[in-house]
Amino acid sequence: TKSVTQPLSDYEKEAKKNQFAGTFSEYNALVIQLGYVVLFAPAFPVAGLVCFLSNLLEIHTDAYKLVCNTRRPRYQCAANIGTWENILLLMTFAGLLTNIGLIGETSTAYTSALPISLPFGIEVTRENKWFALVIFEHLVLISQTILLAVLADI
C-alpha cells in the first residue's frame, strides 16, 4: 500500500521555521549606523543619504525575513525602547562634541571668517576660536535639554 502524505497546513509550515532572534541585533545595527552618521557628518556629508537608502532596503529585507523565514514573534509589551534611548542620547552628545571639534579644527570657512564680533563685546579671533565653539556647544546642549523636557514621549 502507498502512504499518502497530507500537505502541511500554514500553521505547521510556520512551526518548522526558525524562531525570531529578537530586536537586539536590529537596534544594534541602527545605532552603529547612526553613530557613523552623527560622529563623522562633517567628514562625509553624504553619509546621511547613504544610510537613508540603506534603511529603505533594510525595511524590505527585514519584512521578508519576518514573513518568510522566521516564526511569527510573540508580542512583548514595552513602554519605550528602554536603554537604547539613553544610548541614543549619549550618541547625540558625543556627535555634537565631535562635530564641533572637526568643524573648529578643519573648517577653512570658520577660520577665514574670523575675527567675529559677538554680543556683549566678545571678539572671536584665531587665538580664542575655541572659546566661541565651546559657547556654541553649550547653547546647543541647553536647547537640546529644553526640547527633551518640553516635548512629551509618544
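## Exercises on a predicted protein chain

In this protein chain, residues 24 or more positions apart account for 68% of the contacts with a separation of 6 or more; a contact means heavy atoms within 4.5 Å. You're looking at a predicted model, where local features need pLDDT of at least 70, side-chain atom pairs count only at pLDDT 80 or more, and totals for chains, interfaces and linings use all residues. Residues are numbered from 1 along each chain as its sequence is written, and side-chain values use heavy atoms, with hydrogens and water left out.

**Exercise 1.** Work out in what order the helices and strands of the protein chain run from the N terminus.

*Solution.* Start with the inventory: six helices and two strands. Here helices (H or I, at least four residues) and strands (E, at least two) are DSSP runs, numbered from the N terminus. Now walk along the chain, and you get α-α-α-α-α-β-β-α.

**Exercise 2.** Find out how the radius of gyration of the protein chain compares with that of a compact globule of 154 residues.

*Solution.* First, the rule: the radius is taken over C-alpha atoms, and the globule value is 2.2 Å times the number of residues to the power 0.38. That puts the globule near 15 Å, but the protein chain has 25 Å. Next, look at the C-alpha trace, which spans about 100 × 30 × 15 Å along its principal axes. Last, check burial: 17% of the 154 residues count as buried. Buried means under 20% relative accessible area, exposed over 50%, and partly exposed in between (1.4 Å probe, protein chains only).

**Exercise 3.** Compare the reach of helices H4 and H3 with their expected spans.

*Solution.* The expected span is 1.5 Å times one less than the number of residues. H4 (residues 83-106) has 24 residues and reaches 34 Å from first C-alpha to last, close to the expected 34 Å. H3 (residues 47-69) has 23 residues and reaches 30 Å, close to the expected 33 Å. Then ask what their buried residues touch: those of H4, including Trp84 and Met91, pack against H2 (24-39), H5 (108-112) and H6 (129-150). In H3, Ala47, Cys51 and Asp62 are buried, and the buried residues of this helix pack against H2.

**Exercise 4.** Decide whether valine 31 is buried or exposed, and list what it touches beyond four places away in sequence.

*Solution.* Locate valine 31 in helix H2. At 8% relative accessibility, valine 31 is buried. Its partners are Trp84, Ile87, Leu88 and Met91. For scale, valine 31 and serine 9 are 22 residues apart in sequence and 39 Å apart in space, C-alpha to C-alpha.

**Exercise 5.** Threonine 70 and phenylalanine 120 both sit in loops; say which is buried and which is exposed.

*Solution.* Threonine 70 lies between H3 and H4. Its relative accessible area is 9%, so threonine 70 is buried. Skipping residues up to four places away, threonine 70 touches Lys17, Asn18, Phe20 and Lys65. Phenylalanine 120 lies between S1 and S2 (122-124). Its relative accessible area is 83%, so phenylalanine 120 is exposed. Check its backbone too: phi is near 65 degrees, a positive value in a residue other than glycine.

**Exercise 6.** Find which two residues are joined by a cis peptide bond.

*Solution.* Look for omega of about 0 degrees: you'll find leucine 114 and proline 115. Then place proline 115 in the loop between H5 and S1 (116-118).
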